[in-house]
Amino acid sequence: MAELPENIRLSPDGTGVVILDQTQLPRRQVFLTLGTAEEMYQAIRALQVRGAPAIGIFAGYCLYVLAGQLEREGLEGADFFARLDRLGKFLSSARPTAVNLSWAVERMSRRAASMAGAPAADIVRALGEEARAIRREDEEMCLSISRYGLSLLKEGDGVLTHCNAGPLATSRYGTGQGPFHLAAQLGMKLRVYADETRPLLQGARLTAWELQRAGVDVTLICDNMASMVMKQGWIQACMVGCDRVAANGDVANKIGTSAVAILARHYRIPFYVLGPTSTVDLGCPDGDHIPIEERDGEEIRSLWYREPMAPEGVTCYNPAFDVTPHQLITAIVTEKGICRPPYTRSLAALFAAEG
Ligand code: MRU
């Protein structure tokens with residue numbers, strides 16, 4: 001079982017963030033060192049770094065690196081904070097749906113604000129600690145989510161998954177696919193069916209690669225084959241990650257997720273959503289209030305083909321996410337436990353327990 005390369009880390013001198021470029025996988029492992037806010041923004045936009053928790057971790061490291069630059073420019077006090085605030089807003093604007101991005105930026109800003117009056121060098125040091133804490137906590141959360149998720153499965157089960165919610169999309173293990181990696185580690189056999197996940201093929205390029213390397217029995221299917229494998233009785237559960245969970249339990253995740261949930265209901269298969277509490281947005285009442293990113297139609301028209309496959313200039317609609325209504329979700333699995341309907345109550349209870 002090959003260990004996966006680290007997807008996000010600081011450069012040895014702390015002046016850049018090194019990422020494994022996910023757009024090049026699985027054929028090439030290319031690492032990029034990003035040192036400017038523009039490069040960091042573009043890496044998120046272009047999905048070189050992607051997956052809700054991963055872009056939160058990335059944003060934490062980016063703000064640390066950028067704060068270091070401000071300090072080296074000699075900025076202090078209000079000037080330092082104004083520039084840091086602008087940089088945070090810029091990074092947050094790169095993708096709208098996954099709440100982890102703005103969550104991480106806000107967490108970094110709060111840490112900086114808690115040190116108002118301190119020299120910039122001390123604030124930068126504190127931001128470094130905070131960024132590392134975000135990553136460390138994500139690892140702990142993913143392990144806990146994976147354990148809870150695995151408790152819903154039994155030896156030999158077939159599980160259908162969509163998009164990539166594994167180690168590449170997080171720090172380690174993953175969320176929606178964390179139970180599969182944990183099962184492999186524990187010697188438990190599962191049969192995983194991975195949707196290829198059009199149009200950007202995160203399932204084919206990333207999930208299949210990760211699971212194969214982990215020694216998991218994985219079968220790649222096209223998105224429109226899910227009904228077929230469910231009908232044959234090969235699927236005992238569906239597990240997916242999430243980009244934002246609204247207060248009522250509606251869930252935004254990769255486009256196509258809601259179709260899997262609808263099929264699962266038809267075939268009476270449990271549909272589980274797995275994600276950290278940093279993906280739960282209690283300020284968002286329901287799925288209608290989740291902003292859905294729309295991406296360039298070229299991703300459908302021509303991206304994966306030697307020659308463009310669709311007629312030139314044809315109109316494309318390319319939403320990156322959809323919302324699965326809470327009525328179709330059997331349970332939402334977080335690092336703090338398994339929430340069942342009614343989600344308005346069970347999700348709120350997770351946070352109430354924090355005090
Ligand atoms: O557009 P992407 O590839 O960033 O979309 C990712 C997903 O939809 C994942 O399922 C989600 O972020 C959870 S990742 C643990």
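Student: In this predicted model, which residues come nearest to the ligand?

Tutor: The ligand of this predicted model has 17 residues around it. Five of these come nearest, and they are Arg50, Arg95, Asp243, Asn253 and Lys254.

Student: How far is an oxygen atom of the ligand from an N or O atom in the side chain of lysine 254?

Tutor: Lys254 is one of the residues that come nearest to the ligand. An N or O atom in the side chain of lysine 254 pairs with an oxygen atom of the ligand, and the distance is 2.8 Å.

Student: How much of the accessible area of the ligand does the protein cover?

Tutor: The side chain of glutamine 202 also places an N or O atom 2.8 Å from an oxygen atom of the ligand. On its own, the ligand has 410 Å² of accessible area. The share of this area that the protein covers is 99%.

Student: Where is the place of arginine 95?

Tutor: Arginine 95 is among the residues that come nearest to the ligand. Helix 3 covers residues 77-92 and helix 4 covers residues 99-113. The place of arginine 95 is in the loop between helix 3 and helix 4.

Student: Is arginine 95 buried or exposed?

Tutor: The relative accessible area of arginine 95 is 7%. A residue counts as buried under 20%. Because its value is 7%, arginine 95 is buried.

Student: Which side chain does a polar contact of 2.8 Å join to that of arginine 95?

Tutor: Leaving aside neighbours within four places in sequence, arginine 95 is in contact with residues including Arg50, Lys254 and Glu293. The polar contact of 2.8 Å joins the side chain of arginine 95 to that of glutamate 293.

Student: Which are the edge strands of the open sheet of 3 strands with the order 1-2-3?

Tutor: The pairing in this sheet is antiparallel, and 4 bridges join strand 2 (residues 17-20) to strand 3. An edge strand here pairs on one side only. The edge strands are strand 1 (8-10) and strand 3 (31-34).

Student: Which helix lies across strand 1, strand 2 and strand 3?

Tutor: From one strand to the next, the twist of this sheet averages 25°. The helix in question runs at about 15° to strand 1. It comprises residues 52-72 and is helix 2.

Student: How many of the 5 residues of strand 5 are buried?

Tutor: Strand 5 (residues 191-195) runs parallel to strand 4 (residues 158-161), with 4 bridges joining them. Arginine 191 in strand 5 is the bridge partner of glycine 158. Strand 5 is mostly covered, and the number of its buried residues is 4.

Methods: Residues are numbered from 1 along each chain as its sequence is written. This is a predicted model: local features need pLDDT of at least 70, side-chain atom pairs count only at pLDDT 80 or more; totals for chains, interfaces and linings use all residues. Side-chain values use heavy atoms; hydrogens and water are left out. Two strands pair if DSSP finds at least two bridges between them. Helices (H or I, at least four residues) and strands (E, at least two) are DSSP runs, numbered from the N terminus. Axes are lines fitted to C-alpha atoms, for helices over the stretch in contact, and angles run from 0 to 180 degrees between N-to-C directions. Contact means heavy atoms within 4.5 Å. A residue is near a molecule or strand if one of its heavy atoms lies within 4 Å of it. A polar contact is a pair of N or O atoms within 3.5 Å; within protein, one must be able to donate a hydrogen and the other to accept it, and residues adjacent in sequence count only if both atoms are side-chain atoms. Accessible areas come from the Shrake-Rupley method with a 1.4 Å probe; for residues, only the protein chains shown count as cover. Buried means under 20% relative accessible area, exposed over 50%, partly exposed in between (1.4 Å probe, protein chains only).
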